[in-house]
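Student: I would like a close look at a single part of this model. Please take one pairing and build outwards from there.

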Amino acid sequence: QVQVVESGGGLVQPGGSLNVSCVVSGRISSITNMGWFRQRPGLERASVAVVTDSGRVSYRSSVKGRFTISRDNAKNTVFLQMTNLKPEDTAIYFCNAEVLVPGADRDVDYWGQGVQVTVSS
């Protein structure tokens, strides 16, 4: 079994900052990509930022320069630092991990339950 647990999030005023983090635990051989997705009301879940096991990062264009993703491979943890937040960043943020479990021959996607981020004055 693999568990993905997010923490952080909350309510912040426009222009403020917020951090979210995610720990992946359980029977894990390796984790390839770790990332953050978000789902805004009425919209589909969309990628926000991804970091590979080698540290390569990518961001959706609307968050570039404001969000920073990082990971701690020793602790199977991924972080998302969000600055200069805007009302349109309001969403449920989900952690995703591509996990290879012992005995498997390919990665499987695992998801957290999501944390709410609300940007409002």
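In β6, which residue is the bridge partner of V51?

Tutor: The partner is V57. Keep in mind that this is a predicted model. V57 belongs to β6, which covers residues 57-59. V51 belongs to β5, which runs over residues 46-51. The two strands pair in the antiparallel sense, over three bridges.

Now the turn that joins them. The hairpin of β5 and β6 has five residues between the strands. G55 takes a positive phi there, near 95 degrees.

V51 also faces the other way along the sequence. M34 stands opposite V51 in β5. That brings in β4, residues 30-39. β4 and β5 pair in the antiparallel sense over five bridges. Their hairpin has six residues between the strands, and G42 takes a positive phi near 80 degrees in it. So much for the pairings of β5.

Stay on β4 for a moment. N33 lies in that strand. Leave aside its neighbours within four places in sequence, and N33 is in contact with V50, V51, T52, R71, N96, A97 and E98. V51 thus turns up again, as a contact of N33. One distance is worth having for scale. N33 and G9 are 24 residues apart in sequence, and their C-alpha atoms are 22 Å apart in space.

Next, the backbone angles outside these hairpins. Most residues other than glycine have a negative phi. N76 departs from this, with a positive phi of about 50 degrees. N76 sits in the loop between β7 (67-72) and β8. Its relative accessible area is 24%, so N76 is partly exposed. N84 also has a positive phi, near 45 degrees, and is not a glycine. N84 is found in the loop between β8 and β9. With a relative accessible area of 41%, N84 counts as partly exposed.

The loop of N84 has a further residue to inspect. D89 is placed between β8 (77-82) and β9 (91-100). Its relative accessibility is 0%, so D89 counts as buried. What surrounds D89? Beyond its neighbours within four places in sequence, D89 is in contact with R38, V63, R66, F67, N84, V117 and V119. N84 is thus one of the contacts of D89.

Finally, the whole chain. The secondary structure comes to zero helices and 11 strands. The radius of gyration is 14 Å, close to the 14 Å that the globule rule gives for 121 residues, so the chain is as compact as a globular protein of that length. Along its principal axes, the C-alpha trace spans about 50 × 25 × 25 Å. Of the 121 residues, 37% count as buried.

Contacts reach far along the sequence too. Among those between residues at least 6 apart, 55% join residues at least 24 apart. The chain exposes about 6500 Å², and carbon and sulfur atoms supply 47% of that area. As for charge, there are 12 positive and 10 negative charges, and their mean positions are 5 Å apart.

Back to the starting point: V51 has V57 as its bridge partner in β6, and M34 stands opposite V51 as well.

Technical notes
Residues numbered from 1 in each chain as written. Predicted model: local features only at pLDDT ≥ 70, side-chain atom pairs only at ≥ 80, totals over all residues. Heavy atoms only, no water. Helix = DSSP H or I, 4+ residues; strand = E, 2+ residues; numbered from the N terminus. Buried < 20%, exposed > 50% of the residue type's maximum accessible area, 1.4 Å probe, protein only. Contact = heavy atoms within 4.5 Å. Rg over C-alpha atoms; globule rule 2.2 N^0.38 Å. Areas by Shrake-Rupley, 256 points an atom, 1.4 Å probe, with all protein chains shown as cover. Lys, Arg positive; Asp, Glu negative; His and termini not counted. Charge placed at Lys NZ, Arg CZ, Asp CG, Glu CD. Pairing = 2+ DSSP bridges.
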